[in-house]
Amino acid sequence: MSEQRPDGITPSQTVGPYFKYGLTPNGEYAWNDAFTNNLITPDVSGERIRVEGTVFDGDGVPVPDCMLEIWQADAQGRFSDPQDARALPNSSFKGFGRVGTDAKGGYSFDTIKPGQVPDPDGKPQAPHILLAVYARGMLLHLYTRIYFDDEAANATDPVLALVPSDRRATLIAKRKASAAYVLDIHLQGDNETVFFDV
Amino acid sequence: MTLLYPLQSLAAHPPRLSPAYRSTVKRAPQKPLIPIRQTLSELTGPVYGHETVRENDNDLTIQHKGEPLGERIIVHGHVLDEDGRGVPNALVELWQANACGRYVHVVDQHPAPLDPNFTGAGRAQTDASGYYRFITIKPGAYPWGNHHNAWRPAHIHFSVFGHSFISRLVTQMYFPADPLFPFDPIFNSVTDEKARARMISSFDLENTQPEWALCYRFNIVLRGRNATPMENKS
């Protein structure tokens with residue numbers, strides 16, 4: 001049987017308000033948890049960090065039914081994907097995490113600080129984590145990036161350079177004590193997070 | 001395999017601001033998205049296998065002591081790329097309401113009963129040809145308060161991982177000829193009729209199991225096409 005060439009991709013629909021028992025159970029429902037917000041595996045090397053914050057809507061109201069997914073390289077800038085020919089297969093660090101926001105719109109990820117990943121020209125990008133945002137009221141998820149305020153490489157990052165300077169701060173997590181970074185996500189409004197068209 | 005992810009393909013998606021679906025009004029960005037080049041970060045994605053999907057995770061009818069109430073169905077199909085090639089080893093997650101249109105989720109207060117033998121969450125991995133298969137119960141329609149007398153058509157939520165983080169798709173599968181289609185702002189947020197039709201499964205008589213289950217086929221097309229351009233045909 002040969003499949004007919006499709007006439008386009010399957011359209012996106014909202015994740016809705018009820019994804020929690022299927023996608024992000026974390027012990028709240030009796031189901032086999034596939035993903036969590038803790039990416040740290042025993043064999044992973046690198047600086048252990050936490051990234052945390054709150055998701056807000058256009059009225060500045062916390063979004064308690066948001067799902068966040070992150071995707072990142074390891075401490076040496078390699079992805080756990082066979083398509084990354086540089087990756088070494090001897091780490092169980094997956095680089096993917098998922099979490100649902102809590103009743104106050106809060107989220108957190110425990111992970112490691114990613115290394116630098118080359119851009120298409122081979123130039124190093126500043127350390128960053130990809131973030132995808134899903135929620136009721138969002139018909140198509142949004143992509144953004146998490147950068148770190150203690151990285152000098154931000155000054156030469158090719159993606160940050162495309163962002164108007166007065167909006168860059170929305171992408172840069174601020175370090176506080178104990179290896180934790182804070183970055184709030186604003187879906188809409190004056191402090192609207194920069195989202196990317198990719 | 002190297003794939004391209006053309007931005008034009010995204011035209012199939014609904015606009016983020018679709019005011020008839022009221023929750024979009026405060027949750028859609030107002031500033032334009034910033035186009036960037038796809039880097040290794042965007043072009044790679046998580047790979048999950050049998051350590052994630054347990055043997056019976058694709059059968060939602062055997063997760064509890066007894067059998068759930070409702071119409072037993074098989075939902076199957078292929079996960080494909082834009083060239084129609086199967087996406088192997090893709091993780092497919094689904095969740096849904098029970099036959100009465102009630103979700104297990106604590107926020108769902110629709111006055112229809114929960115089914116003690118049905119949770120409504122499942123997971124499968126596509127095989128080498130991109131094929132996946134679930135056994136479940138046909139979900140019921142449910143009211144949702146978006147506007148007067150608003151009812152969602154029967155649907156199953158799907159979450160799919162493809163080759164990269166930007167081929168990621170969360171969508172909803174609908175059932176053919178649902179009379180609620182014309183009245184549902186989420187379904188109709190997809191403005192192109194052909195694209196909307198790609199969210200509707202087809203009744204699959206050939207693969208029903210007599211005396212046991214009806215069957216619906218739902219192919220899922222993810223972003224991504226062959227990076228090698230086809231040669232010009234003279």
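This report covers strands, cavities, two backbone outliers and cysteines in a predicted model.

## The open sheet of chain B

Four strands of chain B form an open sheet. Their order is 5-4-9-10, and the pairing is antiparallel. Strand 5 and strand 10 of chain B are the edges, each pairing on one side only. From one strand to the next, the twist averages 25°.

Strand 4 of chain B covers residues 91–95. Strand 4 pairs with strand 5 of chain B over 5 bridges, in the antiparallel sense. Within that pairing, Val92(B) has Ala124(B) as its bridge partner. Strand 4 of chain B also pairs with strand 9, residues 155–160. That pairing is antiparallel too, with 4 bridges. Here Trp95(B) is partnered by His157(B) of strand 9.

Strand 5 of chain B is an edge strand, yet 5 of its 5 residues are buried. The strand runs over residues 121–125 and is therefore largely enclosed by the rest of the structure. Both of its faces are covered. Ala121(B), Arg123(B) and Gln125(B) are buried on one side. Gly122(B) and Ala124(B) are buried on the other. Ala124(B) is also the residue that bridges to Val92(B).

## Strand 3 of chain B and its partners

Strand 3 of chain B takes in residues 72–80. Of these 9 residues, 9 are buried, so the strand is largely enclosed by the rest of the structure. Three pairings of this strand are set out below, each with one pair of facing residues.

| Partner strand (chain B) | Sense | Bridges | Example pair |
|---|---|---|---|
| Strand 6, residues 131–137 | antiparallel | 7 bridges | Ile73(B) and Thr136(B) |
| Strand 12, residues 214–217 | parallel | 4 bridges | Val75(B) and Tyr216(B) |
| Strand 13, residues 220–221 | parallel | 2 bridges | Val79(B) and Ile220(B) |

Strand 3 thus has both kinds of partner. Its pairing with strand 6 of chain B is antiparallel. Its pairing with strand 12 of chain B is parallel, and so is that with strand 13 of chain B. Strands of a sheet pair through backbone hydrogen bonds, in either the parallel or the antiparallel sense.

## Cavities

How many cavities of 30 Å³ or more does the whole structure hold? The search finds 2.

The largest cavity holds about 40 Å³ of space. Its lining draws on chain A with Ser12(A), Gln13(A), Thr14(A), Val15(A), Tyr134(A), Ala135(A), Met138(A), Leu139(A), Leu140(A) and His141(A). Chain B adds Val170(B). By class, 7 lining residues are nonpolar and 4 are polar. None is charged.

The second largest cavity also has about 40 Å³ of space. From chain A, its lining includes Leu130(A), Tyr143(A), Thr144(A), Arg145(A), Phe196(A) and Val198(A). Ile36(B) and Glu42(B) come from chain B. Strand 6 of chain A, residues 142–148, gives the largest share of this lining, with 3 residues. The classes are 5 nonpolar, 1 polar and 2 charged.

Both linings therefore mix residues of chain A and chain B: the largest cavity has Val170(B) beside its chain A residues, and the second has Ile36(B) and Glu42(B).

## Positive phi outside glycine

Which residues other than glycine have a positive phi? Two alanines are listed here. Phi of Ala179(A) is near 55°. Ala179(A) sits in the loop between strand 7 (172–176) and strand 8 (180–182) of chain A. Phi of Ala177(B) is near 60°. The loop that holds Ala177(B) joins strand 10 (169–174) and helix 2 (193–197) of chain B. Strand 10 of chain B is also an edge of the open sheet.

Is Ala177(B) buried or exposed? Its relative accessible area is 73%, over the 50% cut-off, so Ala177(B) is exposed.

## Cysteines

Over all chains, the disulfide count is 0. Two cysteines deserve a line each. Cys66(A) has a relative accessible area of 0% and is therefore buried. Cys215(B) also has a value of 0%, so it is buried as well. Both values fall under the 20% cut-off for burial.

Notes:
Residues numbered from 1 in each chain as written. Chains lettered and ligands numbered in written order. Predicted model: local features only at pLDDT ≥ 70, side-chain atom pairs only at ≥ 80, totals over all residues. Heavy atoms only, no water. Buried < 20%, exposed > 50% of the residue type's maximum accessible area, 1.4 Å probe, protein only. Pairing = 2+ DSSP bridges. 1 Å grid on protein atoms, 1.4 Å probe; cavity = no way out; pocket = protein on both sides within 12 Å on 5 of 7 lines; lining within 4 Å. Points joined across faces, edges and corners; volume = space filled by probe spheres on them. Nonpolar A, V, L, I, M, F, W, Y, C, P; charged D, E, K, R; others polar. Axes fitted to C-alpha atoms, helices over the stretch in contact; angles between N-to-C directions. Disulfide = S-S within 2.5 Å.
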